[in-house]
Amino acid sequence: MANSSHKDSVVFFDITDEDTKKVINDTTPSNTVRKTYSDINLFKKFLKKEGESRDFDKIPVVQLDKLIARFVLSIRYKDGEENIRNYEPDSLTSKFNSIARHLKDEFTIDIKNPKNLDFEHSRKTLASARTKAKEMGLGQKPRKSEPFTPEELSEFTKQGVIGERKLKYTKVS
């Protein structure tokens, strides 16, 4: 009987850097991927408005830090035709985190690390923008669902929106 050692049975496959990226991407939740993609497109749109067309890693760090800070302060959304609204504090953070995720994954630029003083300005701007948004009453979860009142339940029942219904089933042949 042959003496087989553990060392003889170990095998290594050829793995590229692209293979490792694919494994990471495949295990990242699809909503995170979609959100990051959407927010990065918003940031690119902002950069275009600012006259900046270089890839993120080609923009000098000091300038990129300032651009991220201005993005966080300037972004708004349209609610209908004419209402322009500020984002909730958590939404601002979410957009900042999407930019951070993209920069870290694609260019190994870590803007969230407090030890990275290169991006201290944009982190402080985000914190200040969150505080200002909260002072404006944002972030109070105004869209929280509330239970229906007895009057509302009664009206829904009268209108046939809720209550017992007799369903007719049609036999399909």
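**Exercise 1. Find the side-chain partner of Glu52 in this predicted model, and decide whether Glu52 is buried or exposed.**

*Solution.* Start with the polar atoms: the side chain of Glu52 makes a polar contact with the side chain of Gln63, at 3.3 Å. Next, place Glu52 on the chain, where the loop between α2 and α3 holds it. Then check the accessibility. Glu52 has a relative accessible area of 9%, so it is buried, the cut-off being under 20%. Finally, list its surroundings: leaving aside neighbours within four places in sequence, Glu52 touches Leu47, Ile59, Gln63 and Leu67.

**Exercise 2. Stay in the loop between α2 and α3, and work out which parts of the chain the salt bridge of Glu50 ties together.**

*Solution.* The partner comes first: Glu50 forms a salt bridge with Arg70, and their closest N and O atoms are 2.6 Å apart. Glu50 sits in the loop between α2 and α3 while Arg70 belongs to helix α3, so the pair ties together parts that are 20 residues apart in sequence. As for accessibility, Glu50 is partly exposed at 30%, and Arg70 is partly exposed at 40%.

**Exercise 3. Set the salt bridge of Asp26 and Lys22 beside that of Asp90 and Arg130, and say where each pair lies.**

*Solution.* Take Asp26 and Lys22, whose side chains meet with an N to O distance of 2.9 Å. These two residues are four apart in helix α1 (residues 17–27), so about one helical turn separates them. Asp26 counts as exposed, with 53% relative accessibility.

Now take Asp90 and Arg130, whose salt bridge has an N to O distance of 3.2 Å. This pair links distant parts of the chain, with Asp90 in helix α4 and Arg130 in helix α5, 40 residues apart. Asp90 is partly exposed, at 46% relative accessible area.

To round off the count, the structure holds nine salt bridges. A network of salt bridges links Lys35, Asp39 and Lys95.

**Exercise 4. Identify the residues that touch the most other members of the largest nonpolar core, and trace the contacts of Ile111.**

*Solution.* A general expectation helps here: in soluble globular proteins, nonpolar side chains tend to be buried together. In this model the largest nonpolar core has 23 residues, and those touching the most other members are Phe43, Leu64, Ile68, Phe71, Ile99, Leu103 and Ile111. Helices α2 (30–49), α3 (61–74), α4 (89–107) and α5 each supply at least two residues of this core.

Now zoom in on Ile111. Leaving aside neighbours within four places in sequence, Ile111 is in contact with Ile68, Phe96, Ile99, Ala100, Leu103, Asn116, Phe119 and Arg123.

**Exercise 5. Locate a nonpolar patch on the surface, and name the residues that make it.**

*Solution.* Look for Phe148, Leu153, Val161 and Ile162, which together make a nonpolar surface patch of about 340 Å². To find Phe148, go to the loop between α5 (120–135) and α6 (150–158). For the surface as a whole, the protein exposes about 14,100 Å², and carbon and sulfur atoms supply 53% of that area.

**Exercise 6. Describe the whole fold: how many helices and strands are there, and in what pattern do they follow along the sequence?**

*Solution.* Count first: the secondary structure comes to six helices and two strands. Reading along the sequence gives α-α-α-β-β-α-α-α. Then turn to burial, where buried residues make up 24% of the 173 residues. Last, consider contacts between residues at least 6 apart in sequence: 59% of these join residues at least 24 apart.

Methods. Residues numbered from 1 in each chain as written. Predicted model: local features only at pLDDT ≥ 70, side-chain atom pairs only at ≥ 80, totals over all residues. Heavy atoms only, no water. Patch = residues over 30% accessible without salt bridge, like charges linked within 9 Å, V, L, I, M, F, W, Y side chains within 5 Å. Areas by Shrake-Rupley, 256 points an atom, 1.4 Å probe, with all protein chains shown as cover. Salt bridge = Lys/Arg side-chain N within 4 Å of Asp/Glu carboxyl O. Core = buried A, V, L, I, M, F, W, Y, C linked by side-chain atoms within 4.5 Å. Buried < 20%, exposed > 50% of the residue type's maximum accessible area, 1.4 Å probe, protein only. Contact = heavy atoms within 4.5 Å. Polar contact = N/O pair within 3.5 Å; in protein donor to acceptor, adjacent residues only side chain to side chain.
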